[in-house]
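Visitor: Could you walk me through this one slowly? I keep tripping over the vocabulary.

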Amino acid sequence: MPISSSTLVRTTAALMLAGLAALLVIVGMSLWLGNRSQDHFNEVLAARDLRAATLDFRTTLQDAETGQRGYLLTQDDSYLAPYNEARQELESHRQRLTTLLQSRPNGDAISSAINDAAAVKLDELEETVRLARTGDRQTALELVQSDTGQTAMSELRELFTGIVEDADRRLAESVEQQRGSASALYWVSLIGALVIIAVVGGSAWVVILYTREIAEARRLLSSTNITLEERVSERTAELARANEEVQRFAYIVTHDLRAPLVNIMGFTSELEASIKPIRDYMERSEVAGDDQLANEAHLAATEDLPEAVGFIRSSTRKMDGLINAILKISRDGRRPIRAESIALTAMLQASADAIQHQVGELDGVIEVADDLPTILSDRMSLDQIFGNLLDNAVKYADASRPLRIKISGEKLIGNRIAIDVADNGRGIAADDHERVFELFRRSGEQSKPGEGIGLAHVRTLVRNLGGDITVTSELGKGSTFRVVLARDMRRFIGSMQ
């Protein structure tokens, strides 16, 4: 099924939204999992620090106890070195452990128990060492054997073991959670990457498919255009030949009609000349009042026959004018048209100057635009076209106001130009806008002489140049005739050959 442009837009938009959603999910999950990993890492650090601080405090306290017992057994002052060193470190280790326990559940209670038991043990250590130094070794041994320090030390070992086990458990849980977060991040990134790859691939596939269809459509359109141009050229040539045949037929018919018409006009003149003496004679002769036949002959010779001959003569003159007009249109249609460079402003100004005296009699003015372009067309045809339009503007001027005629131009797309001849004359009824271009048809009040051929002749000339003519008008306000022409008539002529 072909992909339309709207389908392409909708599909591409949907794929882009899907890719954006996948990207947002990846970014959001990455940030969330990253924060979780950081929290787990911080938990690992806290558990490790607490475990280390607990072991350090326990080890230092054991070192102090070892030094104390060695001194009591040997009375050797060298054993007091580790004892004194441990005593100096115990306070900093105690404070560090207390600080770390504050962030743990029941940390304050555990810290208080450790401090109390450590105080008892340290007091026991310090008292036994003091007694031994003063020589009361027996009392010092009895204090040791009283199990006061041993009980405190057992309590401390139990507390230290609980802290270490809890820290180990937390370490294991945090490490496992970190692994889970890393695995989740891996799968989120992998799935998101696959979704984005699918989106990009789908978009590329749709674009490629649409591009192929466009290329195929262009190929078909190019082929169709070539075929259409050939058909148009053939049809134009056929129409040109048909038009030529019609013009030839019209020429032959009107030419053949002229012969009997000339005979009718000639015999009408002879009949008129023959009637004149009869009429003169009958007018001088007296007719008896009771002679009906003589009265009828007198009436026929003096009134009926001259009137009938007058009707015949006016009809033959009108027919002669129509035949001459048809012959003129036929000759103009058969006349070879020659394309030449024509400066429209200069040519139209010359046409306006030719009727300036008639316009002046109506207190009118003619405005010709000075920015009209130069075109390639037939000069004689253009002179007849615009000469006829200007003559009509003068002929059908509104007597109630000064005549105003304006000629302007407009470039159209392609090889076209429009020239407007606007006037403020009496105007044309809407129903007659197309009829005025028909042969022998006229519009409005027939107060001016004419056969209804001028605009039909103008349309024929315009179409012979590859253009067309239309009118927009309103009764009582004026008319605007728009002549659309090819800017280079040679293209139109080429298509007719």
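Guide: Sure, let's begin with two helices: L80, Y83, N84, R87, L90, R94, L97, T98 and L101 in α2 meet G107, D108, I110, S111, I114, N115, L122, L125, E126, V129 and R133 in α3. Contact here means heavy atoms within 4.5 Å. Keep in mind that this is a predicted model, where local features need pLDDT of at least 70 and side-chain atom pairs count only at pLDDT 80 or more, while totals for chains, interfaces and linings use all residues. Residues are numbered from 1 along each chain as its sequence is written, and side-chain values use heavy atoms, with hydrogens and water left out.

Visitor: What kinds of residues make up the contact of α2 with α3?

Guide: They divide into 10 nonpolar, five polar and five charged. Ala, Val, Leu, Ile, Met, Phe, Trp, Tyr, Cys and Pro count as nonpolar, Asp, Glu, Lys and Arg as charged, and the others, Gly among them, as polar.

Visitor: Why are α2 and α3 called roughly antiparallel?

Guide: Helix α2 (residues 80–101) packs against α3 at about 165 degrees, with the axes 11 Å apart. Axes are lines fitted to C-alpha atoms, for helices over the stretch in contact, and angles run from 0 to 180 degrees between N-to-C directions. Under 35 degrees counts as roughly parallel, over 145 as roughly antiparallel, 65 to 115 as roughly perpendicular and the rest as oblique. So α2 and α3 are roughly antiparallel.

Visitor: And what makes α7 and α9 oblique?

Guide: Their axes come within 10 Å and cross at roughly 45 degrees. That angle falls in none of the other classes, so α7 and α9 are oblique to each other. The residues that meet are L344, M347, L348, S351 and A352 in α7 and R379, L382, D383, F386 and L390 in α9. By class, that contact has seven nonpolar, one polar and two charged residues.

Visitor: How do you know that T128 is buried?

Guide: Buried means under 20% relative accessible area, exposed over 50%, and partly exposed in between (1.4 Å probe, protein chains only). T128 has 0%, so it is buried. T128 sits in helix α3 (residues 107–133), and, leaving aside neighbours within four places in sequence, T128 touches Q68, L72, A140, L143 and V144.

Visitor: Why is α10 said to be largely enclosed by the rest of the structure?

Guide: Eight of the 11 residues of α10 are buried, so the label fits. Those are L455, A456, H457, V458, R459, L461, V462 and N464. Over the chain of 497 residues, 32% count as buried.

Visitor: What makes something a nonpolar core?

Guide: A nonpolar core is a set of buried Ala, Val, Leu, Ile, Met, Phe, Trp, Tyr and Cys residues joined through side-chain atoms within 4.5 Å. The largest one here has 39 residues, and L382, I385, F386, L389 and L485 have the most contacts inside it. Elements giving two or more residues to this core include α7 (344–354), α9 (379–395) and β7 (478–486). The most comes from α9, with seven residues.

Visitor: Which residues does L382 touch?

Guide: Leaving aside neighbours within four places in sequence, L382 is in contact with I342, L344, M347, I375, S377, G387, L465 and L485. There is also a second, separate core of 26 residues, which includes A53, L90, M153 and F160.

Conventions: Helices (H or I, at least four residues) and strands (E, at least two) are DSSP runs, numbered from the N terminus.
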